[in-house]
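Reader: Please give me a close look at a single part of this structure. Then tell me how that part fits into its surroundings.

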Amino acid sequence: MPDSFFTHAPEWRWWIVFYFFIGGIAGGAFALAALLRLFGQPGDRPISRLGYYIAFPGSIISGILLILDLKRPERFWHMLIQSETFRPAFKWWSPISVGSWGLLAFGFFSFLAFVGALAEIGWLPRGLSGLIQGRLGVAVNVLGGLSGFFLAGYTGVLLSTTNRPLWSDTVWLGLLFLVSGFSTGAALLLLLSWRSNTPTIRWLKELDTWTLMLELVVLVILLASVGMAVLRPVLFNAWGVLLLVGVVLVGILVPIALHFRPVLGRLTVPSAAVLVLVGGFILRVVMLLSSEAV
Amino acid sequence: MAEPMGFFTDTSVCIGCKACEVACKAWNQLPARNGGKVQLSGISYDNTVELNGIQWRHVKFIEDFTPDRSTERWLMMSDVCKHCVQAACLEVCPTGAIIRTEFDTVVIQQNVCNGCRSCIAACPFGVIEINPETNTAMKCTLCYDRLQAGMVPACAQACPTQSIQFGPISELRQRAQQRLEQLHAAGVMQARLYGHDESILGGLNAFYLLLDEPGKYGLPANPQLPSRNLAPSAALSAAGAVALGLLGLVGLRKQRMDRLAAEERGQGEGSHAG
Amino acid sequence: MAENHPVAYRYVAEAKRRGSKLISIDPRYTRSSAMADLYVPLRSGTDIAFLGGLIRYMIENEKYFKDYVVNYTNAATIIRDDFQDTEDLEGVFSGLKEAPQGTFQKYVYDNATWQYKRTAAWDAAKAREEAMKAATFAEMIQKMVPPPAEKDPTLQHPRTVFQIVRRHFSRYTPEMVEQICGTPKELFLRVAEMLAENSGPEKTMTFVYAMGWTQHTYGVQNIGAAALLQLLLGNMGRPGGGILALRGHATIQGSTDIPTLHHSIQGYMAHPDARRKHDTLRDYILTETRPTSYWANLPKFMVSYLKSMYGDAAKPENDFGYDWHPKIAGDYSFMASFHAMALGEIKGAFFFGQNPATSIHASLIRRALANLDWMVVKDNFEIETAAFWYKSPEVQSGELKPEQIKTEVFLFPSAQVAEIEGTFTNTARLIQFHEKAADPPGDCRSDAWFTHQLALRLKKLYADSTLPRDEGFKNLTWDYDYAPGTYPTNTRIQGEPDVMKIWREVNGFKTETGELLKGFGELKDDGSTTCASWIYCGAYPEEGRFLPANHTPDPDDKPGTHLGWGFAWPANRRILYNRASADPNGNPWSERKKLIWWDAGQKKWVGYDVPDFPATKAPDTPAKPGATGLDAHDGKSPFIMIADGKGWLFVPVGLQDGPLPTHYEPMESPVPNLLYPKWQNNPIAKVYEHERNQLATIGDPQFPIVLTTYRLTEHHLAGGMSRWLPWLAELQPELFVEISPELAAEKGIKNLDMVRITSKRGTIVAKALVTPRLRPLTVAGKTVHQIGMPWHWGFMGISVGDVVNDLGAWVADPNVQIHEMKALLVNVEKAQ
Amino acid sequence: MAITVSRRRFLKVGGAAAGTAAGALLGLGVDLQPKQVRAQQLRIKDAQVYPSVCPYCAVGCGTLVHVVNGQIVNIEGNPKSPVNKGNLCPKGAAIYQLHVNPNRLTKVLYRKPYGTRWEVVDLEWAMDRVAELVKKTRDETFVETLPNGKRVMHTTAIFSLGGATIDNEWNHIQQKLMRGLGIVRIENQARI
């Protein structure tokens, strides 16, 4: 039996599945928004703002989900502050520690961007739009974008930095989740703006398709890296079927096909986006729960 | 710092009496599963089945018989937290709840743990679980409180056959080596030590004499730290982030090119790099 | 041993580390077997065949310890000419006759022909007549000394014990052992060789047994066979030797010494009995005293006992109250009593920390409980016995209805060990004191409180009686209240008896001065000493010195007899008959195995233990012809309680069912008795007849499987002290039946399937634990399956399960009335 | 101490030798964790200790009972006892739960003849009632002499069962009281 089978499941279940999914979307959406801010046109601004609108609530929900998953939620702050000395608690080699700080940072920057975006459309004093514009905006976008990437990807690194079956039997999970976060972030942006057909949208569509192809490649490499001894007990069952149908077919291949053959007319883009989101969700479900089931 | 202390568990003399399990529960005031009302497991005489938050010692029973009984062995082993010198749980714990003590043992501070369970997933031996009464991660403390008072851990004191021996690691290693030689001399060539040297996680402060391969006892042959995956995993992710960023930039550049081309063709909207 | 007495096993583990060999002989591969150098399977209930085979092997191969056998056993003694062995009578000894009414037996033995051949004519009846006329007890005893027995130290005389034993076991060949026990011959021979190799001057070997040997209709003879073998190998009275009984209750030894048992009174004296010549104190003494052993002192023990009962009212003129003392007139043992209860002959019952509702043939017992007018249960939890009237399977099935059960039931909650001060006597006769640490909760009280308070109330109720029948009780001394001002102040509980006052009475004191006795050597037969238990005398030698509370162990480098820890009766001796640890001249048999030896300089026995021998009696002391007591033995006779000072290979008196162990089949057996086809079972075994107490026939096709029962280390007996404890309940949560993969395949049973087990007397269900630790054996040419079941369960508590003892039969060993739960015939089927 | 240094040194060297940067850094990371000393509250620190004996089998293991404020807080093997040297079996290790156990009875339960339920009754009342019943049954069933003229002075209609789990002192006064009353059906676990 592979060594990872002598371990116990941490019982990370639905809270974490949703956290990984929503955190991925939020991080991906922010990263996309930041890309548009930093390198795009003024015409990209509505979509980038949409990215901020998604990112900040996403970060809040992520935080709540993470806290809810704790067995002692009232001690969530122990992640950040040592309860006995009140010094910061930070272990750079512990993904969960770094992740807590990363989520905090992401929440902070996405909040700034969120405020900036609201200022930009006049819901808040105009002066605050400087948070996403000019030099400060660059800083917020760069740091927020990086933390967004981090948030989307670290969850996979976290799973790999264990001794559990599947998770620790590969080093590709972080990349997979990152790519999936990016694609689902893009998909949500596409879904929410499906009526428009701006260059930004076209860019997003294009980008999402490429991302999905990358995701497929990463997934294949990941499964290959895990090895049969682990795959057989973990994925040669209903979970594997779900992965093939829900992720590979529904979440990746069909959206790609739709991109090249928009058979559903106006509904093609939102349909593809929904499928990508569904696939991204199922990916988290399968990757977490198939290992937990061992 | 005091001398490193630990357990040497000699499974060749374990009689599977489970005194260690109960002595542990009694000293640490751990509850029985479901108040003791549980079902027969059907796995030989093992009905506690695993180490977990309320089961810090667990006796395994392995019936090793050939159909003709030419081989007949009933292996028993009292399992416990290994108190690894390189402890996976300690490594990943984000709150600092898990500490290394002055005895070189690994202890989860119950007033700090917030139940994130990363230690559970990290432990290569499946030692840690949440205690449903406290909702914190729990495992053997090697009776930290007793050690500080100069007492022997409850399980080692209870063990009738000295299968569980407690003492300074250096001394235990010598004893283990002697016992191994004694068994080899007696023709028990399958006997081996597990975790007695640095090859496994820098050394297990609770190490074993086994009568067969580790896998037979449910022990990983080559347990590793979870952090082995951190750098490659993080590097791949970082590279992925760069790749995705570049992908986006390429797209944006293409978009701009398209736009400039369109502008050249007709009078399009002016653009500014943002 | 590793299974049920793990902490005693610690010393075996230690010995094994030093190179000792361990053999496990058991129908099941147990946790002890897992530790053994050699595991030997055998069919349950065939131990005498196996041990007999070993005896034969040692004799035929001359592996016995000759010096020991010649000097320390009765091997050289010649038996009466009219003695006939089982070899002569095809399975029975001479003296078999029809049993009288009321014994639950078909036959009994008259042991007259089993006696030693005397050097002169001896008329015991006439001697007794003479003795009755004697003035003192000592003179009476003197008149009962018989002439010495004839001997042949060369052991060649055909009627020597040695030759009789040789002939008796001549048919127990390795082949016969294999046929009867199902043990492969090679394995048996390896056992024989290992035992022989590990016995002799340099080495000793010990047998460890528990109920696997005792719970048979020939249980006593099982032990007898082991004793015979150990005497042949010279392993008695020596360190590392002997036969160790692993007993199952904290003070099962103490409650046998101080007998809450019907057949004996204190210190292994027989209970006065209307069936024997016990009419007067003199009769009793003449019947019960063995004049040529330490038992010659019995009059002192008995008179001191009567003084402890009746105090100042016990006087020489009234035979020290002997007539007030009740006599037994039948078998009142456990099964006999429940048999009587089933017939409605018992009105009231007390159950103190014992749970008969899950005991032998429990369904019959539970029905019997409904015949009582009243019963008192005193326990920690609501055990099955207390709950029989509303929760038993018979009530569940509707056969009994609570509204129709007249029994008035009291359930008194008990204090537990740490809430009481008192002593337990362990299986090594070591009396140890436990202190009271805290008050028990609520109305929980110690059992001593209960009995004391009950006695005080009864004393009051009878205070005004003038009936002669109540005179004895009125004279019964009952002085256990603390002296004024000495009652402990750190307790809320009132009315506890003073434990040290009880000990005063048990240990004994001089009636004139009240001075505590220092040992049983000080006892007198004239009423000047009182002592309830002569064997416990000396445990409390003076005020403020209570040896059971001694807590000074030997240091690590000392011999390890730990004479400063607790008190082992008699006289703090740790190994009985330890004179045998030295050779006839008083020197240790070997340096390795020395324990006590004769120091010619000091002219006394010295060593690591308290000598179980007159301290200054030299090895070359000759026996005094015609003397009583130990003067009748020479200095080379270690067995001081035995009439000739020798270990008995052949037992002329004391056993009901023969002077030598003989293989018989259990009352229920899959095969005929291969050794003596005419006598399938112990001819004088007891059967408590009842319509519900039927037995399967030999090789009964309806019940082809042998069931043996056992205990688990995780539980305690009927479960009253374990099934209510969450920490223990979770370790073995449910009843199971261990079935070999072979039988499981035959019956279509899978692991954890529910299985129905049926005997001639009942049916229960249990979960199957299919395990290769059980295996089919080939017995008498046919395959015999054995299954095993732990019997701890019942219908109350955290961990519940069917009552395995429901399958049992009321059959008994004729010596001690123990049952036969270790070998039953059953059938096994998948349930549903 | 020497061994500690070498173990630590090995860790660093071994970590570096492992080759991967992360391995080295992380090995170091673990090693850099300070040794923490945390004062533990020993449950039995201020307890009174009473030597006792295990009430289960007949091996007679010595135990120590720890009491704080009149409450038993811990029971464990007595390392001084030559019988068990601190060892216990699972039952012995569970003695605490014989005492501190929610399933334990603390009141006298009484069931009337033909009753269908338990009643909680007063201890003194129950004792008085049992004494009355003993007297009544004894008086009704007492036999002075058998039909054959043998004097027996007994009753066989009352049965006293048990004793092997109970102190010697109780066994003594119980058998004395029973025999004093002429109750001869006395048995315990020794023959079953």
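Author: What follows starts from one helix and works outward to its chain, the interface and the partner chain.

This is a predicted model; local features need pLDDT of at least 70, side-chain atom pairs count only at pLDDT 80 or more, and totals for chains, interfaces and linings use all residues. Residues are numbered from 1 along each chain as its sequence is written, while chains are lettered from A and ligands numbered from 1 in the order in which they are written.

Take helix α5 of chain D, residues 123-141. Helices (H or I, at least four residues) and strands (E, at least two) are DSSP runs, numbered from the N terminus. α5(D) has 19 residues, so at 1.5 Å a residue it should span 27 Å. That expected span is 1.5 Å times one less than the number of residues. The end C-alpha atoms of α5(D) are 27 Å apart, which agrees.

Now its sides. Met127(D), Val130(D), Val134(D), Thr137(D) and Arg138(D) are buried. They cover an arc of only 105° around the axis, which puts them on the same side of α5(D). The arc is that of the directions from the helix axis to the C-beta atoms. The face turned away from that buried side carries the exposed residues Trp125(D) and Glu140(D). A residue is buried if 20 or more other C-beta atoms lie within 10 Å of its own, exposed if 12 or fewer, and partly exposed in between, with C-beta atoms placed from the backbone.

What covers the buried residues? Both chains contribute. From chain C, the cover includes β9 (348-352), β10 (374-379), β11 and α20 (447-462). From chain D, it includes β7 (151-162) and α6.

Two of those elements come up again at the interface. 98 residues of chain D are in contact with 130 residues of chain C. Contact here means C-beta atoms, placed from the backbone, within 7 Å. Helix α6 of chain D (residues 168-181) gives the most to the side of chain D that touches chain C, with 13 residues. By class, that side has 51 nonpolar, 29 polar and 18 charged residues. Ala, Val, Leu, Ile, Met, Phe, Trp, Tyr, Cys and Pro count as nonpolar, Asp, Glu, Lys and Arg as charged, and the others, Gly among them, as polar.

Strand β11 of chain C (residues 408-413) also crosses over. It runs antiparallel to strand β4 (residues 108-111) of chain D, joined by 3 bridges. Strands pair if DSSP finds at least two bridges between them. Phe410(C) stands opposite Tyr110(D) in β4(D).

Next, the chain that holds α5(D). Chain D has 6 helices and 8 strands. From the N terminus on, its elements run α-α-β-β-β-α-α-β-β-α-β-β-α-β. Buried residues make up 51% of its 192 residues. Among contacts in chain D with a separation of 6 or more, 31% are between residues 24 or more positions apart.

Chain C is the partner. Its secondary structure comes to 24 helices and 28 strands. Of its 832 residues, 60% are buried. For contacts in chain C between residues at least 6 apart in sequence, 68% join residues at least 24 apart. Its C-alpha atoms fill a box of roughly 75 × 70 × 60 Å, taken along the principal axes.

Conventions
Two residues are in contact if their C-beta atoms, placed from the backbone, lie within 7 Å.
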